[in-house]
Amino acid sequence: MEQFQAQPNRHNRNPSHVTVGTVRALSLLILATVAAALALADAAASARWRQSWGLNSAATARAPTSAAFANLTLEPRAGGHAAIATNLLAGPVQVRLHGQSAALQEKPPSPAVLMPHERRTLLWLPADGSPSQLVLDAFPGDPAARPDNHPYQLPFRSQQVRVSQAFGGRYSHSDAQNQYAVDFPLSEGTAVLVARAGKVMQIVENAPDLGCLVRVLHNDGSMALYAHLQAGSLQVRPGQSVETGQTLAASGNTGDSTGPHLHFAIQANTGLALNSLRFRMRSERGELRFPEAAP
């Protein structure tokens, strides 16, 4: 096994921010008075990007950001309105509808898993004039998946592997979604390769704070996150199948980053939550052993 020590981290300008992969929920707040016209107010993210990976605080239900996982719309139907969730990704998304509504109290819908780009009615709201407040939470991945112990390939070509922050890094890898992420310092423009075959599930090209990223879904339901990529360098598209060693993009310094690097993590939906997973990785010199901070 190749072993190495973590080098000084150059990651976020604000150490209180989690760098990538943090997803607690995508919360779309819809304030609606179910009456003649049913006016929709702007949707609002329930938290900063640290708590809602990929969200733009100005996101709306009708015009979600490119980094959102799902959106919620209300459509006239049968004398009332149907609350419809739409999966915006090329992979499964688990959604949960909650809030304040007589219809929700009477028959609250169970969490549901939407297939790629699926639209599904979660609730019907009668046009009785009563106010409703609906919140849609969305989490990428299928909670029924059972990730395996597949070894990943180093996502770039190099005889020397450098790590600026690894498992349990106190700078920004202390939360559950990033605990087992690894930051690789790379020169801008370095080819970033697919570490495991799968399907491109999500692409974000220019999100505030987050920069450019790719999420790849594997056949065991786990998801690889490649972040801080170079803007305009993407060589894949959502829904595309990719093979191990294929070029995804070029490394960059986009988003909330103080130096060029690749942030790599394996994540899984553990049931209305997203957690990072320990993973094995091989280089040309053998299997890597990442440094791990003491709890």
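**Notebook: strands, rings and cores**

I started at a turn: E3 and E4 form a hairpin with two residues between them, and Ala 78 in that turn has a positive phi of about 50 degrees. A reminder to myself that this is a predicted model.

**Entry 1: the sheet around the hairpin**

I looked up how the hairpin strands pair, and E3 and E4 run antiparallel over eight bridges. I picked one bridge to follow: Pro 76 has His 81 in E4 as its partner.

Next I turned to the other side of E4. Strand E4 (residues 80–87) pairs with E7, also in the antiparallel sense, and I noted seven bridges there. His 81 turns up again, with Leu 125 in E7 as its bridge partner. For Ala 82, the bridge partner in E7 is Trp 124.

Put together, this is an open sheet of three strands in the order E3-E4-E7, with antiparallel pairing. Which strands are at the edges? They are strand E3 (70–77) and strand E7 (119–126), each of which pairs on one side only. I also checked the twist: neighbouring strands of the sheet are turned by 25 degrees against each other on average, with direction ignored.

Is E4 enclosed or open? Eight of its eight residues are buried, so E4 is largely enclosed by the rest of the structure.

**Entry 2: aromatic pairs**

I then went through the rings, and the count comes to five aromatic pairs. The ring centres of Phe 156 and Phe 184 are 5.2 Å apart and their planes stand at 65 degrees; an angle over 60 counts as edge-to-face, so this pair is edge-to-face. Phe 156 sits in the loop between strand E9 (151–153) and strand E10 (182–185), while Phe 184 is in E10, 28 residues away, so I noted a link between distant parts of the chain. Both Phe 156 and Phe 184 are buried.

A second pair I looked at is Tyr 226 with Phe 264, edge-to-face with 5.2 Å centre to centre and 70 degrees between the planes. Tyr 226 belongs to strand E14 (residues 223–229) and Phe 264 to strand E17 (residues 261–269), so this pair ties together parts 38 residues apart in sequence. Tyr 226 and Phe 264 are both buried. I also found them in a cluster, where ring pairs link Tyr 152, Tyr 226, Phe 264 and Phe 279.

**Entry 3: the cores**

Which residues have the most contacts inside the largest nonpolar core? They are Phe 184, Tyr 226, Phe 264 and Met 281, in a core of 30 residues. Elements giving two or more residues to this core include E10, E14 and E17, along with strand E12 (198–207).

I followed Phe 184 further. Leaving aside its neighbours within four places in sequence, its contacts include Leu 154, Phe 156, Val 163, Phe 264, Met 281 and Phe 290. A second, separate core has 24 residues, among them Phe 69, Ala 112, Leu 114 and Leu 217.

**Entry 4: positive phi**

Last, I looked at backbone angles. Most residues other than glycine have a negative phi. His 228 has a positive phi, near 65 degrees. I placed His 228 in strand E14, and it is buried with a relative accessible area of 0%.

Leu 272 also has a positive phi, about 55 degrees, although it is not a glycine. Leu 272 lies in the loop between E17 and strand E18 (274–276), and it is partly exposed, with a relative accessible area of 25%.

Key
Residues are numbered from 1 along each chain as its sequence is written. This is a predicted model: local features need pLDDT of at least 70, side-chain atom pairs count only at pLDDT 80 or more; totals for chains, interfaces and linings use all residues. Side-chain values use heavy atoms; hydrogens and water are left out. Rings of Phe, Tyr and Trp (its six-membered ring) pair if their centres lie within 6.5 Å; planes under 30 degrees apart count as stacked, over 60 as edge-to-face and the rest as tilted. Helices (H or I, at least four residues) and strands (E, at least two) are DSSP runs, numbered from the N terminus. Buried means under 20% relative accessible area, exposed over 50%, partly exposed in between (1.4 Å probe, protein chains only). Two strands pair if DSSP finds at least two bridges between them. Axes are lines fitted to C-alpha atoms, for helices over the stretch in contact, and angles run from 0 to 180 degrees between N-to-C directions. A nonpolar core is a set of buried Ala, Val, Leu, Ile, Met, Phe, Trp, Tyr and Cys residues joined through side-chain atoms within 4.5 Å. Contact means heavy atoms within 4.5 Å.
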